[in-house]
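Trainee: Please take a close look at the ligand site in this model, working from the contacts outwards. I would also like to see how the site relates to the aromatic contacts and to the rest of the chain.

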Amino acid sequence: MEDLQNIQSRVMQAISDASDLAELDQVRVSALGKKGEVSLLMRTLGSMSPDERKKFGPRLNTLKDELNKAVLLRREALETELLNTRLASETLDVTLPPLSRPMGSIHPVSQVFAEVTAIFADMGFVTATGPDIETDFYNFTALNFPPKHPARDMHDTFFFEPKEDGTRKLLRTHTSPVQIRTLQAAARQAEKSGSELDPIRIIAPGRTYRCDSDQTHTPMFHQVEGLVIDKTTHMGHLKGCLQDFISAFFERDVSSRFRPHHFPFTEPSAEMDIGYERKGDEILIGQGEQWMEILGCGMVHPEVLRLSGVDPDIYQGFAFGVGIDRLAMLKYGIPDLRDFFACDQRWLQHYGFSPINQPNLATGLS
Ligand code: PHE
(Lines give C-alpha, C1' and ligand atoms only; values in the text may rest on other atoms or scores of the structure.)
Protein backbone atom coordinates (compact mmCIF):
# COMPACT_ATOMS: atom_id res chain seq x y z
CA MET A 1 0.00 0.00 0.00
CA GLU A 2 2.69 2.39 1.02
CA ASP A 3 4.50 1.57 -2.22
CA LEU A 4 1.53 2.46 -4.36
CA GLN A 5 1.18 5.78 -2.58
CA ASN A 6 4.81 6.54 -3.38
CA ILE A 7 4.52 5.51 -6.98
CA GLN A 8 1.41 7.64 -7.39
CA SER A 9 2.95 10.83 -6.04
CA ARG A 10 6.22 10.30 -7.89
CA VAL A 11 4.62 9.66 -11.26
CA MET A 12 2.08 12.43 -10.76
CA GLN A 13 4.96 14.81 -10.10
CA ALA A 14 6.80 13.58 -13.22
CA ILE A 15 3.65 14.11 -15.29
CA SER A 16 3.16 17.66 -14.17
CA ASP A 17 6.91 18.33 -14.58
CA ALA A 18 6.93 17.12 -18.21
CA SER A 19 7.68 20.24 -20.23
CA ASP A 20 6.76 18.91 -23.67
CA LEU A 21 4.84 16.11 -25.32
CA ALA A 22 7.89 13.91 -25.87
CA GLU A 23 8.87 14.08 -22.22
CA LEU A 24 5.31 13.35 -21.15
CA ASP A 25 5.25 10.31 -23.36
CA GLN A 26 8.45 9.00 -21.77
CA VAL A 27 6.84 9.31 -18.35
CA ARG A 28 3.74 7.52 -19.57
CA VAL A 29 5.70 4.66 -21.09
CA SER A 30 7.86 4.17 -18.00
CA ALA A 31 4.76 3.87 -15.79
CA LEU A 32 1.95 2.57 -17.99
CA GLY A 33 3.73 1.13 -21.02
CA LYS A 34 3.97 -2.63 -21.57
CA LYS A 35 7.04 -2.83 -19.34
CA GLY A 36 6.10 0.15 -17.21
CA GLU A 37 6.24 0.17 -13.47
CA VAL A 38 2.48 -0.03 -12.94
CA SER A 39 1.96 -2.61 -15.68
CA LEU A 40 4.54 -4.88 -14.07
CA LEU A 41 2.71 -4.60 -10.75
CA MET A 42 -0.54 -5.53 -12.52
CA ARG A 43 1.11 -8.75 -13.60
CA THR A 44 1.94 -9.71 -10.03
CA LEU A 45 -1.80 -9.83 -9.25
CA GLY A 46 -2.00 -13.34 -10.70
CA SER A 47 0.41 -14.77 -8.15
CA MET A 48 -1.37 -13.20 -5.17
CA SER A 49 -3.71 -14.89 -2.75
CA PRO A 50 -7.41 -14.13 -3.42
CA ASP A 51 -7.56 -11.90 -0.33
CA GLU A 52 -4.55 -9.91 -1.28
CA ARG A 53 -5.79 -9.61 -4.79
CA LYS A 54 -9.14 -8.28 -3.61
CA LYS A 55 -7.45 -5.55 -1.64
CA PHE A 56 -4.63 -4.81 -4.04
CA GLY A 57 -6.44 -5.10 -7.37
CA PRO A 58 -8.88 -2.20 -7.06
CA ARG A 59 -6.15 0.06 -5.68
CA LEU A 60 -3.91 -0.78 -8.58
CA ASN A 61 -6.70 -0.18 -11.06
CA THR A 62 -7.52 3.17 -9.51
CA LEU A 63 -3.87 4.13 -9.65
CA LYS A 64 -3.71 3.18 -13.32
CA ASP A 65 -6.85 5.15 -14.13
CA GLU A 66 -5.70 8.21 -12.26
CA LEU A 67 -2.32 8.21 -13.91
CA ASN A 68 -3.95 7.79 -17.31
CA LYS A 69 -6.26 10.69 -16.63
CA ALA A 70 -3.37 12.85 -15.42
CA VAL A 71 -1.40 12.07 -18.60
CA LEU A 72 -4.40 12.98 -20.71
CA LEU A 73 -4.94 16.29 -18.93
CA ARG A 74 -1.28 17.18 -19.08
CA ARG A 75 -1.22 16.36 -22.80
CA GLU A 76 -4.16 18.63 -23.45
CA ALA A 77 -2.51 21.40 -21.47
CA LEU A 78 0.75 21.00 -23.37
CA GLU A 79 -1.04 20.97 -26.72
CA THR A 80 -2.94 24.14 -25.86
CA GLU A 81 0.30 25.76 -24.78
CA LEU A 82 1.95 24.74 -28.04
CA LEU A 83 -0.93 26.11 -30.10
CA ASN A 84 -0.89 29.39 -28.19
CA THR A 85 2.82 29.95 -28.74
CA ARG A 86 2.34 29.17 -32.45
CA LEU A 87 -0.58 31.56 -32.69
CA ALA A 88 1.44 34.25 -30.95
CA SER A 89 4.47 33.83 -33.18
CA GLU A 90 2.50 33.50 -36.43
CA THR A 91 0.14 36.44 -36.06
CA LEU A 92 -0.55 38.30 -39.28
CA ASP A 93 -0.83 42.04 -38.96
CA VAL A 94 -3.11 42.98 -41.79
CA THR A 95 -2.50 46.67 -41.18
CA LEU A 96 1.19 46.37 -42.13
CA PRO A 97 2.09 47.82 -45.53
CA PRO A 98 2.76 45.05 -48.09
CA LEU A 99 6.32 43.96 -48.75
CA SER A 100 7.49 45.68 -51.91
CA ARG A 101 8.31 43.19 -54.61
CA PRO A 102 10.36 44.17 -57.65
CA MET A 103 8.02 44.49 -60.63
CA GLY A 104 8.99 44.44 -64.29
CA SER A 105 7.92 47.14 -66.69
CA ILE A 106 6.51 47.28 -70.19
CA HIS A 107 9.16 48.18 -72.77
CA PRO A 108 8.40 51.40 -74.71
CA VAL A 109 8.27 49.39 -77.96
CA SER A 110 5.60 47.07 -76.54
CA GLN A 111 3.77 50.08 -75.15
CA VAL A 112 3.73 51.86 -78.52
CA PHE A 113 2.63 48.66 -80.29
CA ALA A 114 -0.29 48.47 -77.87
CA GLU A 115 -1.13 52.16 -78.33
CA VAL A 116 -1.02 51.98 -82.14
CA THR A 117 -3.09 48.80 -82.11
CA ALA A 118 -5.69 50.43 -79.86
CA ILE A 119 -6.02 53.42 -82.20
CA PHE A 120 -6.41 51.36 -85.37
CA ALA A 121 -8.66 48.79 -83.70
CA ASP A 122 -10.97 51.68 -82.93
CA MET A 123 -11.04 52.48 -86.66
CA GLY A 124 -11.95 48.88 -87.53
CA PHE A 125 -8.53 47.44 -88.37
CA VAL A 126 -7.61 43.90 -87.36
CA THR A 127 -4.09 42.68 -86.67
CA ALA A 128 -2.30 40.48 -89.20
CA THR A 129 1.12 38.87 -88.94
CA GLY A 130 3.77 37.33 -91.14
CA PRO A 131 7.13 35.61 -90.63
CA ASP A 132 10.36 37.49 -89.87
CA ILE A 133 12.23 35.15 -92.21
CA GLU A 134 10.87 35.87 -95.66
CA THR A 135 11.53 34.94 -99.24
CA ASP A 136 12.78 37.33 -101.87
CA PHE A 137 9.36 37.00 -103.48
CA TYR A 138 7.34 38.37 -100.55
CA ASN A 139 9.87 40.98 -99.49
CA PHE A 140 10.63 42.36 -102.98
CA THR A 141 9.28 40.69 -106.12
CA ALA A 142 5.59 40.66 -105.23
CA LEU A 143 5.97 44.25 -104.03
CA ASN A 144 6.94 45.26 -107.56
CA PHE A 145 10.65 45.66 -106.96
CA PRO A 146 12.10 44.91 -110.40
CA PRO A 147 14.76 42.16 -110.41
CA LYS A 148 18.26 43.56 -109.90
CA HIS A 149 16.66 46.86 -108.91
CA PRO A 150 18.99 48.93 -106.69
CA ALA A 151 16.18 49.31 -104.14
CA ARG A 152 16.96 45.73 -103.10
CA ASP A 153 20.45 46.85 -102.12
CA MET A 154 19.18 50.10 -100.64
CA HIS A 155 17.38 48.06 -98.02
CA ASP A 156 20.68 46.69 -96.65
CA THR A 157 19.16 43.26 -96.53
CA PHE A 158 20.40 40.42 -94.32
CA PHE A 159 20.43 37.40 -96.62
CA PHE A 160 20.74 33.77 -95.59
CA GLU A 161 23.08 31.40 -97.44
CA PRO A 162 21.59 30.56 -100.86
CA LYS A 163 20.07 27.10 -101.20
CA GLU A 164 21.03 24.63 -103.93
CA ASP A 165 18.28 25.87 -106.25
CA GLY A 166 19.72 29.39 -105.96
CA THR A 167 16.89 30.84 -103.85
CA ARG A 168 17.83 32.46 -100.57
CA LYS A 169 15.79 33.49 -97.61
CA LEU A 170 16.21 36.85 -95.93
CA LEU A 171 15.19 38.76 -92.84
CA ARG A 172 12.30 40.96 -93.91
CA THR A 173 13.43 44.56 -94.38
CA HIS A 174 9.92 45.92 -93.83
CA THR A 175 6.46 44.69 -92.81
CA SER A 176 5.14 45.17 -96.37
CA PRO A 177 5.36 41.41 -97.15
CA VAL A 178 2.34 41.05 -94.86
CA GLN A 179 0.42 43.13 -97.45
CA ILE A 180 1.10 40.39 -99.99
CA ARG A 181 0.19 37.55 -97.66
CA THR A 182 -3.06 39.33 -96.77
CA LEU A 183 -3.97 40.09 -100.40
CA GLN A 184 -3.22 36.51 -101.47
CA ALA A 185 -5.34 35.07 -98.66
CA ALA A 186 -8.24 37.39 -99.50
CA ALA A 187 -8.00 36.54 -103.21
CA ARG A 188 -7.92 32.80 -102.44
CA GLN A 189 -10.91 33.16 -100.13
CA ALA A 190 -12.89 35.10 -102.76
CA GLU A 191 -12.12 32.48 -105.39
CA LYS A 192 -13.09 29.61 -103.12
CA SER A 193 -16.41 31.14 -102.16
CA GLY A 194 -17.04 32.53 -105.65
CA SER A 195 -17.89 35.92 -104.18
CA GLU A 196 -16.35 39.35 -104.12
CA LEU A 197 -13.19 40.17 -102.24
CA ASP A 198 -13.92 40.95 -98.59
CA PRO A 199 -12.83 44.50 -97.75
CA ILE A 200 -9.40 44.51 -96.09
CA ARG A 201 -8.46 46.64 -93.11
CA ILE A 202 -5.39 45.30 -91.39
CA ILE A 203 -2.41 46.50 -89.49
CA ALA A 204 0.67 44.33 -89.24
CA PRO A 205 3.00 45.13 -86.36
CA GLY A 206 6.32 43.32 -86.16
CA ARG A 207 10.08 43.13 -86.26
CA THR A 208 12.07 44.22 -89.27
CA TYR A 209 15.79 44.03 -90.06
CA ARG A 210 18.33 46.10 -91.94
CA CYS A 211 22.10 46.11 -91.77
CA ASP A 212 22.41 49.53 -90.20
CA SER A 213 23.46 50.91 -86.81
CA ASP A 214 23.75 54.42 -85.41
CA GLN A 215 21.90 56.66 -82.96
CA THR A 216 18.61 56.31 -84.83
CA HIS A 217 19.12 52.91 -86.55
CA THR A 218 19.49 49.40 -85.15
CA PRO A 219 19.84 46.17 -87.17
CA MET A 220 16.52 45.02 -85.73
CA PHE A 221 13.71 47.51 -85.44
CA HIS A 222 9.91 47.59 -85.52
CA GLN A 223 7.25 48.67 -87.97
CA VAL A 224 3.51 48.70 -88.28
CA GLU A 225 2.13 48.15 -91.75
CA GLY A 226 -1.36 49.23 -92.70
CA LEU A 227 -3.47 48.03 -95.62
CA VAL A 228 -6.96 49.06 -96.69
CA ILE A 229 -8.52 47.54 -99.81
CA ASP A 230 -12.06 47.83 -101.15
CA LYS A 231 -13.66 49.37 -104.22
CA THR A 232 -13.74 53.03 -103.28
CA THR A 233 -10.98 53.91 -100.85
CA HIS A 234 -8.92 56.81 -102.18
CA MET A 235 -6.06 59.12 -101.29
CA GLY A 236 -8.40 61.36 -99.25
CA HIS A 237 -9.18 58.43 -96.95
CA LEU A 238 -5.47 57.74 -96.64
CA LYS A 239 -4.78 61.29 -95.52
CA GLY A 240 -7.71 61.44 -93.12
CA CYS A 241 -6.91 58.08 -91.57
CA LEU A 242 -3.25 58.88 -90.99
CA GLN A 243 -3.97 62.39 -89.75
CA ASP A 244 -6.41 60.95 -87.20
CA PHE A 245 -3.89 58.31 -86.22
CA ILE A 246 -1.04 60.76 -85.64
CA SER A 247 -3.16 63.12 -83.50
CA ALA A 248 -4.56 60.21 -81.49
CA PHE A 249 -1.08 58.82 -80.97
CA PHE A 250 0.54 62.08 -79.81
CA GLU A 251 -2.64 62.93 -77.87
CA ARG A 252 -2.78 66.47 -79.27
CA ASP A 253 -3.43 68.34 -82.53
CA VAL A 254 -0.59 67.58 -84.91
CA SER A 255 -0.17 69.42 -88.20
CA SER A 256 0.88 67.30 -91.15
CA ARG A 257 1.77 67.45 -94.80
CA PHE A 258 2.05 64.78 -97.46
CA ARG A 259 5.14 65.05 -99.66
CA PRO A 260 5.43 63.13 -102.96
CA HIS A 261 7.84 60.22 -102.71
CA HIS A 262 8.59 56.93 -104.43
CA PHE A 263 7.99 53.33 -103.37
CA PRO A 264 7.83 50.55 -105.96
CA PHE A 265 4.65 49.15 -104.38
CA THR A 266 2.54 52.33 -104.18
CA GLU A 267 1.41 54.82 -106.79
CA PRO A 268 1.12 57.65 -106.02
CA SER A 269 3.48 57.43 -103.06
CA ALA A 270 3.99 59.95 -100.30
CA GLU A 271 5.82 60.57 -97.10
CA MET A 272 3.91 62.09 -94.23
CA ASP A 273 5.65 64.88 -92.33
CA ILE A 274 4.49 66.23 -88.98
CA GLY A 275 5.01 69.70 -87.59
CA TYR A 276 7.36 70.28 -84.68
CA GLU A 277 9.49 72.90 -83.04
CA ARG A 278 12.71 72.73 -81.09
CA LYS A 279 12.81 74.29 -77.62
CA GLY A 280 16.35 73.99 -76.32
CA ASP A 281 17.10 70.27 -76.22
CA GLU A 282 13.46 69.34 -76.56
CA ILE A 283 11.49 68.48 -79.66
CA LEU A 284 7.85 69.56 -79.39
CA ILE A 285 5.63 67.58 -81.73
CA GLY A 286 2.44 69.21 -82.91
CA GLN A 287 2.68 72.65 -84.39
CA GLY A 288 5.69 74.68 -85.43
CA GLU A 289 7.69 75.69 -88.43
CA GLN A 290 9.70 72.52 -88.86
CA TRP A 291 8.69 69.29 -90.61
CA MET A 292 9.78 65.81 -89.72
CA GLU A 293 9.24 62.68 -91.79
CA ILE A 294 7.15 60.18 -89.86
CA LEU A 295 5.93 57.48 -92.27
CA GLY A 296 5.68 56.22 -95.85
CA CYS A 297 2.39 55.61 -97.60
CA GLY A 298 0.53 55.55 -100.89
CA MET A 299 -2.17 53.95 -102.99
CA VAL A 300 -1.37 50.26 -103.52
CA HIS A 301 0.21 49.84 -106.93
CA PRO A 302 -2.09 48.08 -109.46
CA GLU A 303 0.75 45.70 -110.27
CA VAL A 304 0.98 44.62 -106.61
CA LEU A 305 -2.74 43.84 -106.59
CA ARG A 306 -2.48 41.95 -109.87
CA LEU A 307 0.53 39.90 -108.73
CA SER A 308 -1.48 38.76 -105.68
CA GLY A 309 -4.57 37.83 -107.68
CA VAL A 310 -6.66 40.92 -106.95
CA ASP A 311 -8.20 42.73 -109.93
CA PRO A 312 -6.90 46.33 -109.92
CA ASP A 313 -9.73 47.41 -112.22
CA ILE A 314 -12.20 46.64 -109.43
CA TYR A 315 -10.28 47.00 -106.19
CA GLN A 316 -8.09 49.74 -104.81
CA GLY A 317 -6.84 51.08 -101.53
CA PHE A 318 -3.92 52.41 -99.58
CA ALA A 319 -1.00 51.17 -97.53
CA PHE A 320 1.37 52.72 -95.07
CA GLY A 321 4.36 51.75 -93.01
CA VAL A 322 5.49 53.48 -89.84
CA GLY A 323 8.53 52.96 -87.65
CA ILE A 324 7.51 52.06 -84.11
CA ASP A 325 10.83 52.78 -82.43
CA ARG A 326 10.88 56.28 -83.87
CA LEU A 327 7.33 56.93 -82.65
CA ALA A 328 8.42 55.81 -79.18
CA MET A 329 11.52 58.03 -79.24
CA LEU A 330 9.48 61.06 -80.27
CA LYS A 331 6.55 60.58 -77.92
CA TYR A 332 8.56 59.64 -74.86
CA GLY A 333 11.68 61.75 -75.45
CA ILE A 334 14.18 58.90 -75.75
CA PRO A 335 17.34 60.19 -77.46
CA ASP A 336 19.21 57.02 -78.49
CA LEU A 337 17.60 54.05 -80.21
CA ARG A 338 20.43 51.68 -79.28
CA ASP A 339 19.41 51.95 -75.59
CA PHE A 340 16.13 50.23 -76.52
CA PHE A 341 17.96 46.96 -76.88
CA ALA A 342 20.69 47.31 -74.24
CA CYS A 343 18.57 45.63 -71.51
CA ASP A 344 19.76 48.15 -68.90
CA GLN A 345 17.61 47.72 -65.82
CA ARG A 346 17.85 51.44 -64.91
CA TRP A 347 16.74 52.46 -68.40
CA LEU A 348 13.82 50.04 -68.31
CA GLN A 349 12.71 51.30 -64.92
CA HIS A 350 12.88 54.89 -66.16
CA TYR A 351 11.29 54.54 -69.59
CA GLY A 352 9.14 51.45 -68.97
CA PHE A 353 5.39 51.45 -68.35
CA SER A 354 3.23 49.90 -65.67
CA PRO A 355 2.13 46.40 -66.65
CA ILE A 356 -1.21 47.09 -64.99
CA ASN A 357 -2.39 49.79 -67.39
CA GLN A 358 -3.53 48.69 -70.83
CA PRO A 359 -3.50 51.49 -73.40
CA ASN A 360 -7.01 52.26 -74.59
CA LEU A 361 -8.79 55.21 -76.07
CA ALA A 362 -11.40 55.54 -73.32
CA THR A 363 -9.06 56.12 -70.37
CA GLY A 364 -6.01 57.36 -72.30
CA LEU A 365 -3.16 55.74 -74.15
CA SER A 366 -0.32 56.39 -71.72
N1 PHE B 1 7.74 49.56 -96.53
C2 PHE B 1 8.11 50.96 -96.57
C3 PHE B 1 9.42 51.16 -95.84
O4 PHE B 1 9.77 50.34 -95.02
C5 PHE B 1 7.05 51.84 -95.98
C6 PHE B 1 5.76 51.83 -96.74
C7 PHE B 1 4.78 50.92 -96.47
C8 PHE B 1 5.52 52.76 -97.76
C9 PHE B 1 3.57 50.93 -97.16
C10 PHE B 1 4.35 52.77 -98.47
C11 PHE B 1 3.37 51.87 -98.15
O12 PHE B 1 10.11 52.12 -96.04
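Mentor: Let me begin with the term that the contacts depend on: a polar contact is a pair of N or O atoms within 3.5 Å. The model is a predicted one, and every distance that follows is computed from it.

With that cut-off in mind, consider the ligand, which is surrounded by 14 residues, the closest being His174, Ser176, Arg210, Gln223 and Gly321. Ser176 has a side-chain N or O atom 2.9 Å from a nitrogen atom of the ligand, and for His174 the distance from a polar side-chain atom to a ligand nitrogen is also given as 2.9 Å. Gln223 approaches an oxygen atom of the ligand instead, with a polar side-chain atom at 3.0 Å. On its own the ligand has 330 Å² of accessible area, and the protein covers 90% of it. The elements that contribute two or more residues to this shell are β5 (220-230), β9 (290-300) and β10 (316-323), and β10 gives the most, with 3 residues.

From β10 one can step into the aromatic contacts, since Phe318 and Phe320, whose numbers fall within the range of β10, belong to one aromatic cluster together with Phe120, Phe125, Phe245, Phe249 and Phe250. Phe249 also has a charged partner, for the charged end of Lys331 sits over the ring of Phe249, 4.6 Å from its centre. A second arrangement of this kind joins Arg181 and Tyr138, with the charged end of Arg181 placed over the ring of Tyr138 at 3.9 Å from the centre.

Lys331 leads on to helix α11, which is mostly covered, with 8 of its 9 residues buried. Lys331 is itself among those buried residues, as are Ile324, Asp325, Leu327, Ala328, Met329, Leu330 and Tyr332. Directly after the helix comes Gly333, which has a positive phi, near 60°.

The structure holds 14 aromatic pairs in total. One of them deserves a careful reading: Phe145 and Phe265 have ring centres 5.9 Å apart and planes at 35°, and the pair is therefore classed as tilted, because that class takes in paired rings whose planes are neither under 30 degrees nor over 60 degrees apart. Phe145 lies in the loop between α6 (136-139) and α7 (150-154), while Phe265 lies in the loop between β6 (256-263) and β7 (266-279), so this pair ties together parts that are 120 residues apart in sequence. Both of its members are covered: Phe145 counts as buried at 3% relative accessibility, and Phe265 is buried with a relative accessible area of 8%.

Tyr332 and Phe353 make a pair of another class, edge-to-face, with 4.8 Å from centre to centre and 65° between the planes. Here Tyr332 belongs to helix α11 (residues 324-332) and Phe353 to the segment after α12 (345-351), and the pair links these distant parts of the chain, 21 residues apart. Both Tyr332 and Phe353 are buried.

Returning to β7, one finds Ser269 in this strand, where the residue counts as buried at 7% relative accessibility. The side chain of Ser269 reaches the backbone nitrogen of Phe263 at 3.2 Å.

Finally, the wider layout of the chain should be kept in view. The chain is divided into domain 1 (2-89) and domain 2 (108-351), and the C-alpha centres of these two domains lie 88 Å apart. Individual residues show similar separations in space: Leu32, in helix α2 (residues 21-32), is 208 residues from Gly240 in sequence and 96 Å from Gly240 in space, C-alpha to C-alpha. Leu32 is nevertheless buried, with a relative accessible area of 17%. Ser9, which is found in helix α1 (residues 2-17), is partly exposed, with a relative accessible area of 45%. The C-alpha atoms of Ser9 and Glu196 are separated by 104 Å, with their positions 187 residues apart along the chain.

Conventions. Residues are numbered from 1 along each chain as its sequence is written. This is a predicted model: local features need pLDDT of at least 70, side-chain atom pairs count only at pLDDT 80 or more; totals for chains, interfaces and linings use all residues. Side-chain values use heavy atoms; hydrogens and water are left out. Rings of Phe, Tyr and Trp (its six-membered ring) pair if their centres lie within 6.5 Å; planes under 30 degrees apart count as stacked, over 60 as edge-to-face and the rest as tilted. Helices (H or I, at least four residues) and strands (E, at least two) are DSSP runs, numbered from the N terminus. Buried means under 20% relative accessible area, exposed over 50%, partly exposed in between (1.4 Å probe, protein chains only). A charge sits over a ring if NZ of Lys or CZ of Arg is within 6 Å of the ring centre and within 35 degrees of the ring normal. Domain bounds come from an automatic or database domain assignment. A residue is near a molecule or strand if one of its heavy atoms lies within 4 Å of it. A polar contact is a pair of N or O atoms within 3.5 Å; within protein, one must be able to donate a hydrogen and the other to accept it, and residues adjacent in sequence count only if both atoms are side-chain atoms. Accessible areas come from the Shrake-Rupley method with a 1.4 Å probe; for residues, only the protein chains shown count as cover.
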